[in-house]
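Subject: Structure handover

Hello,

Here is the structure I promised to pass on. Please open it first, then read my notes below.

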Amino acid sequence: MSSKNLVERETWTGKLGFILACIGSAIGLGNIWMFPWRLGQFGGAAFLIPYLLFVFLLGTTGLMGEFAFGRSQQRGPIGAFEKVFKEKNIPFGAIIGSIPVAAIGGIFTFYSVVVGWVLKYFSLAVLGAFHHMDIDSAFESFAGHPESIFWNILAILITLSIVIFGIKQGIEKVNKIMMPSLFIIFILLMVRSLSLPGSIEGVNYLLLPDWSYLLKPITWIMALGQAFFTVSLGGGAMLVLGSYLRKDEDIPSSAIQTAFFDTSAAFLAAFIIIPAAFAFHLDVSAGPPLLFITMPHIFTKLSGGTFFGIAFFLCIIFAAISTEVALMEVIVEAFMDRLGFSRKKGVIAAACIGIVFGIPLDLNMSLFGKFADFITIYLLPLSALLAAIAFFWIYGIERAQAEVNQGALRPLGKWWGFFAKYIFVFVAAIVLVLGIIYGGI
Ligand code: PFF
Ligand code: NA
């Protein structure tokens, strides 16, 4: 037995710590800069039908699979794939298990770039700078330029300073503060946004269903890609969080709660951003312009704008940093489990990877876009599919289902195994294929 196996694997202090870490991993930029825009763009309330269907049927199934895969093997992706492949004498388990780690490393890299932008805009909000600057040109003269390297490194160092303390003292502790705060501030911001004259137009935009969108395949494609991404499927983050889970924790209910709170955060973000944008007659787009141009404009026009601007960017920091820590943990776990690194060495190595790969993205926005697309369209869906095949097919659906049900207050019936093995795996493959065809979900 090698020395690394002598160190006992850390576990969560209890269900709350685990759930909050899962919610922290799930709630992120996907909720804030993609969901509000997609909801409006693809038929308003009509979009909710495929979206909720996919999140609560497929998303929860995928989450249960990843939690249980991690818990059953007590390893991150590389070790988990290796173990189940070896059992069936299938070669290359560790190599295939490295694909999810690479995907997560990629997300970690570009997420850190964006968190850097958010930190910069948070500092601008604190300084009250939106009032005195040219908001429209400021983002372009910042992102893609050397100054952003500083903020990117700061984002990584903040993440490092949490992950270095491990599961209980690091990840669990910050999520216990960040997640409740996030929801409280989000609710405050929503009340403020909905109190603006003219905001009702935005509510209509979000909620009046245009049913014709249900006949368009793109609506379903967008909902499907969003559902997988938003709950953090990808054979990495959720699998690793699950690998620290004790056998008596309830996996099905954890998955459902993660999906529920992630969806709630997405709704709150939509009802903060869109009504405010309508109240001030601003365009709603997705991605960087929404957070770094549209929202700052709103904060200059709103009474109490400085305060609400600070609160808004603080929320994004909470949402994104809590995702970052889960992403970094995947890389750190791999270094500890595979190379026998101490946690301290592991976080330093992970930080170096994020910085070395991040700097080119800091300096070149088109490279940033291509990199983020490559990871989210190809590598992450591929990883989600591989994890599902490894667990539901290779480990075997009967044992997989027994693992999911262990500790569950209400164990799932046989139908779930059938659904996971055939429908979920099939749809996970579809996400990948459609992403390739349509060039992005
Ligand atoms: N769920 C995150 C979001 O909505 O922003 C993104 C994400 C994180 C995807 C971690 C995948 C992952 F493993
Ligand atoms: Na999300």
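N89 is exposed, because 6 other C-beta atoms lie within 10 Å and the cut-off for exposed is 12 or fewer. Please keep in mind that this is a predicted model. N89 is found in the loop between α4 (77–87) and α5. Its backbone stands out in one way: N89 is not a glycine, yet its phi is positive, at about 55 degrees.

S232 also has a positive phi without being a glycine. Here the angle is about 70 degrees. The loop between α10 and α11 (237–243) holds S232. Is S232 buried or exposed? S232 counts as buried, because it has 31 C-beta neighbours inside 10 Å and 20 or more is enough for that.

S232 leads on to ligand 1. The shell around ligand 1 has 17 residues, and S232 is among those that come nearest. The others named as nearest are G28, G30, G234 and A237.

Which helices supply this shell with at least two residues each? They are α1 (15–26), α2 (29–41), α5 (93–126), α10 (217–230) and α14 (305–339). Of these, α2 gives the most, with 3 residues.

Last, the make-up of the shell. Around ligand 1 there are 8 nonpolar residues and 9 polar ones. No charged residue is part of the shell.

When you look for yourself, start with S232: it is buried, has a positive phi and is one of the residues nearest to ligand 1. Then compare N89, which is exposed and also has a positive phi.

Best wishes

Note on methods: Residues numbered from 1 in each chain as written. Chains lettered and ligands numbered in written order. Predicted model: local features only at pLDDT ≥ 70, side-chain atom pairs only at ≥ 80, totals over all residues. Near = placed C-beta within 6 Å. Helix = DSSP H or I, 4+ residues; strand = E, 2+ residues; numbered from the N terminus. Nonpolar A, V, L, I, M, F, W, Y, C, P; charged D, E, K, R; others polar.
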